[in-house]
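Trainee: Could you take me through one part of this model up close? I'd like to see how the pieces of a sheet fit together, and then where the two chains meet.

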Amino acid sequence: MSVSATLKYMVNVNIIGKTALGWQRRRAEHSTFSSSKWRTDILSEPLRIGARTKELISLHYLAGRYANGHRPVAWVTSGGPVEILQALGYYVLYPENHGALCGARRAVVDISTEAENAGYSRDICSYARTDIGSVLSGKTPVGKLPKPDLLLACTNICQTVLHWYRVLADHFNVPLILIDTPFVYDEAPDHAIKFVRRQLEDSIPVSEQVAGKTLEYKKLQEVLQLSKDATELWLEIMGRGKQHPAPLSVFDQFIHMAPIVEMRGLKTTVDFYSQLLKELDERISKGIGALKKERKRLLWDNLPIWYRLRYLSEYLAERGIAVVASTYTNAWGELAPLINVDKPLDSMARTYLYPILNKGTKYKLNTMRRMVEDFDLNGVILHSDRSCKPYSIGQVDQRNRLIKEYNIPALLLEADHDDPRAYAEEQVASRLAAFMEMLED
Amino acid sequence: MELPAIPNRIETITAFKQNSGMIAAVLPIHYPRSLFRAFDVLPVEVWGPPGTDVSHGGAHLQPYVCSIVHNALSFLKKGGLDLADFIAVPHTCDSLQGFGSILLDFVKPKQSIFPLYLPRGNRPEDLRFLTEEFRQLYRHLSGLTGKKPSEEILLRCIRREEKADDLLRQLYEKRQKVSLSNYSFYHLVRTREYLPAETFISIAEKVLSRKGFDNPKGTAIILSGIVPEPMEVLTTITELGAAVVADDLACCGRRLYASGKSEQPFRRMAERILNAPPDPTRGNSLEERKQYLLRLADQTDARGVVFYDVKFCEPELFDLPRLRAKLKAAGLPSVQIEIDLNDPLSNQIVTRIGAFLEILG
Ligand code: SF4
Ligand code: SF4
């Protein structure tokens with residue numbers, strides 16, 4: 001680590017960045033004038049926490065910009081066991097989150113084209129394409145991404161990340177830690193849990209060597225506790241969607257989920273979600289819903305369509321449809337009970353084996369059914385995501401079962417989480433319109 | 001030169017069942033053949049098959065899933081796997097993971113389903129895990145068949161497969177001398193997908209014992225990818241004046257398993273798979289794949305590589321840009337072809353291969 005890099009980091013992130021972003025946030029919080037670009041005639045005023053979300057994300061990417069040379073940097077998959085790295089002081093970047101941000105800022109086509117021009121097929125995951133395009137061209141809406149000193153890929157969301165991270169490892173010529181999590185068709189057998197535990201154990205010396213320091217057990221426990229606290233809060237936040245009217249929609253969840261993905265294990269994240277929960281409770285006590293008029297309530301399955309969040313939110317809100325829960329955002333909360341700070345590695349092995357994406361298609365169907373009941377929902381939109389096969393395969397049967405066996409209206413909506421070229425607005429609108437009619441029957 | 005008579009899939013399955021054996025339909029790519037055989041179960045692999053009416057699969061799968069998986073599901077639903085008693089689904093990729101899960105949860109065919117997880121590395125813990133995974137498969141098979149083959153039987157079955165694989169290796173090594181056309185050579189190699197090892201051994205020995213072979217004619221190339229379908233592509237390559245002298249195909253060369261070392265059967269089965277030639281679905285690095293392909297080219301004087309891949313196959317697609325660039329930098333040019341198992345060999349593909357061969361000169 002270099003003194004000049006540390007100095008630059010301190011000045012640009014800790015002094016200038018924090019002050020400027022803090023000031024921007026305070027200004028936004030105290031502004032009486034709504035700066036929302038979303039339609040406030042059908043949607044409630046955006047959550048006040050939005051200003052804080054913006055501050056946190058901006059600060060996170062700003063810290064990344066100056067991290068090289070000051071802190072070790074790891075690039076990690078979204079379901080990756082980040083606690084060991086956090087406890088060692090790594091700056092952690094999640095290329096998937098960066099991909100989502102590029103999607104929301106409509107930068108994907110430009111960046112992904114860089115990867116496609118280099119030979120990467122449009123049939124591979126659009127997050128991966130966006131990331132590789134960004135690596136090859138340096139293009140990013142956040143200014144600059146830090147180079148990784150270490151890569152960590154955990155297969156608990158898909159095998160795609162293995163292939164993607166091998167490309168990154170080859171490009172950056174840095175160590176790649178693989179945490180391979182056998183798919184859980186039913187229950188994870190003992191040997192699978194031991195397998196993951198051993199890999200977690202083996203990841204420690206590699207992470208220590210790159211970071212140049214030794215992992216303190218106590219620090220790991222602290223981080224794990226913060227991770228658990230944040231995850232529990234996130235679960236509670238999503239649970240508030242059970243209220244009528246729901247104080248937040250899944251579109252709000254998509255916007256405010258970044259910290260639970262990329263800042264797990266940090267105190268700021270716990271504070272952030274405590275504040276969000278408080279704001280939701282205030283809304284509930286005043287009877288304020290995410291929609292001005294909530295008539296029907298839906299579940300969203302699969303990743304968001306990042307580049308059309310606002311369109312979808314408004315299209316549905318106009319018709320009084322609130323999408324109040326999602327299997328996707330739920331994935332970052334449902335495992336909270338498995339985290340046990342007294343048994344860090346054992347509990348991490350289980351926690352990281354059991355995300356919804358590492359479990360069978362029936363489990364996902366049951367999760368949807370349970371959520372429909374718990375949240376008192378009228379139907380389900382299953383986003384059939386062209387470039388995310390692990391989440392999407394099984395949806396045809398899931399939709400059919402929801403309709404035929406459980407009498408729950410369900411719609412399969414073809415799109416892609418990040419690539420607008422795989423999205424046809426007219427077709428989406430007509431499918432949604434037909435679905436709305438079905439909901440009214 | 002002609003091949004000796006080789007029984008086809010149906011003949012093989014029927015004969016095996018007549019001798020009170022059972023059949024396991026197995027999806028790609030890696031699995032322990034010997035473990036099934038120890039229970040008198042013959043594994044018969046399902047690589048699609050090509051040219052299936054995919055409408056049945058379309059009732060469960062989105063169009064962006066590869067044709068291997070689409071066809072396999074359609075084939076199953078049309079009754080193509082009715083002769084099988086079990087279906088084994090190795091966890092090769094996200095698509096096969098989904099396929100296995102759909103079978104277990106929704107399609108629920110009459111056959112018992114065995115999912116099988118393959119670790120993505122070759123570390124000591126991967127070996128331990130895979131050994132246990134095979135032990136678990138043994139317990140499943142035992143529960144279903146009522147048999148409990150001893151360690152001795154397991155080892156005997158392993159050695160028989162090792163002998164078959166050794167002969168397969170010899171066929172590859174003598175590819176330069178075994179004067180079979182591209183089509184015939186791969187027809188023979190691919191019988192490993194369904195023939196009992198003992199039948200394969202006797203056919204391979206006959207072929208290897210022939211004398212007076214010629215070198216294959218034409219520009220020497222390596223074929224890489226998943227599966228050479230339609231097989232007609234091999235004849236086309238011959239007609240275009242080239243010889244496939246080596247391959248890095250998932251159904252062929254990536255399964256040239258060396259003999260294991262351990263005397264503990266499950267461990268030995270695991271060793272064999274983990275030490276197989278590089279394969280992206282088992283997590284090998286780009287550098288390992290590059291070195292392997294360069295070595296193959298060196299050994300066989302191959303002058304180029306045809307990457308012949310199935311559309312939507314992420315494990316293959318991710319590697320190609322960097323792998324091809326590395327090979328090019330090392331003086332080994334390549335061309336990339338994408339196929340769908342249900343499409344006939346198009347003029348466009350023939351033209352691209354032809355143009356590539358012209359460049360190789
Ligand atoms: S394939 Fe799906 S789960 Fe995997 S990285 Fe892409 S979006 Fe995420
Ligand atoms: S072709 Fe590729 S995507 Fe399809 S089953 Fe084989 S490895 Fe999986």
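Mentor: Start with strand β3 of chain A, residues 150–154, which pairs with β4(A) in the parallel sense over 4 bridges. One of the spots to click on is A:Leu151, whose bridge partner in β4(A) is A:Leu176. Keep in mind that this is a predicted model. Zoom out a little and you get an open sheet of 4 strands in chain A, ordered β2-β1-β3-β4, with parallel pairing. The edges are β2 (91–93) and β4 (176–179) of chain A, each pairing on one side only. On average, neighbouring strands here are turned by 20 degrees against each other, ignoring direction. Packed on that sheet is helix α7 of chain A, residues 160–172, and it touches β1 (73–76), β3 and β4 of chain A. The direction of α7(A) makes about 170 degrees with that of β3(A).

Now for the chain contact. Here 53 residues of chain B touch 54 residues of chain A, and the area buried between them is about 4500 Å², with carbon and sulfur atoms giving 57% of that. On the chain B side, B:Tyr64, B:Phe106 and B:Phe318 lose the most area to chain A, together 19% of what that side buries. There's a polar part too: 27 residue pairs are in polar contact between the chains, both residues at pLDDT 80 or more. The biggest share of chain B's touching side, 11 residues, comes from α5(B), and that side as a whole splits into 21 nonpolar, 14 polar and 18 charged residues. Salt bridges between the chains number 5; among them is A:Lys389 with B:Glu314, at 3.6 Å from N to O.

Conventions. Residues are numbered from 1 along each chain as its sequence is written. Chains are lettered from A and ligands numbered from 1 in the order in which they are written. This is a predicted model: local features need pLDDT of at least 70, side-chain atom pairs count only at pLDDT 80 or more; totals for chains, interfaces and linings use all residues. Side-chain values use heavy atoms; hydrogens and water are left out. Contact means heavy atoms within 4.5 Å. Buried area is the accessible area (1.4 Å probe) that two parts lose on being put together, summed over both. A salt bridge is a side-chain nitrogen of Lys or Arg within 4 Å of a carboxyl oxygen of Asp or Glu. A polar contact is a pair of N or O atoms within 3.5 Å; within protein, one must be able to donate a hydrogen and the other to accept it, and residues adjacent in sequence count only if both atoms are side-chain atoms. Helices (H or I, at least four residues) and strands (E, at least two) are DSSP runs, numbered from the N terminus. Ala, Val, Leu, Ile, Met, Phe, Trp, Tyr, Cys and Pro count as nonpolar, Asp, Glu, Lys and Arg as charged, and the others, Gly among them, as polar. Two strands pair if DSSP finds at least two bridges between them. Axes are lines fitted to C-alpha atoms, for helices over the stretch in contact, and angles run from 0 to 180 degrees between N-to-C directions.
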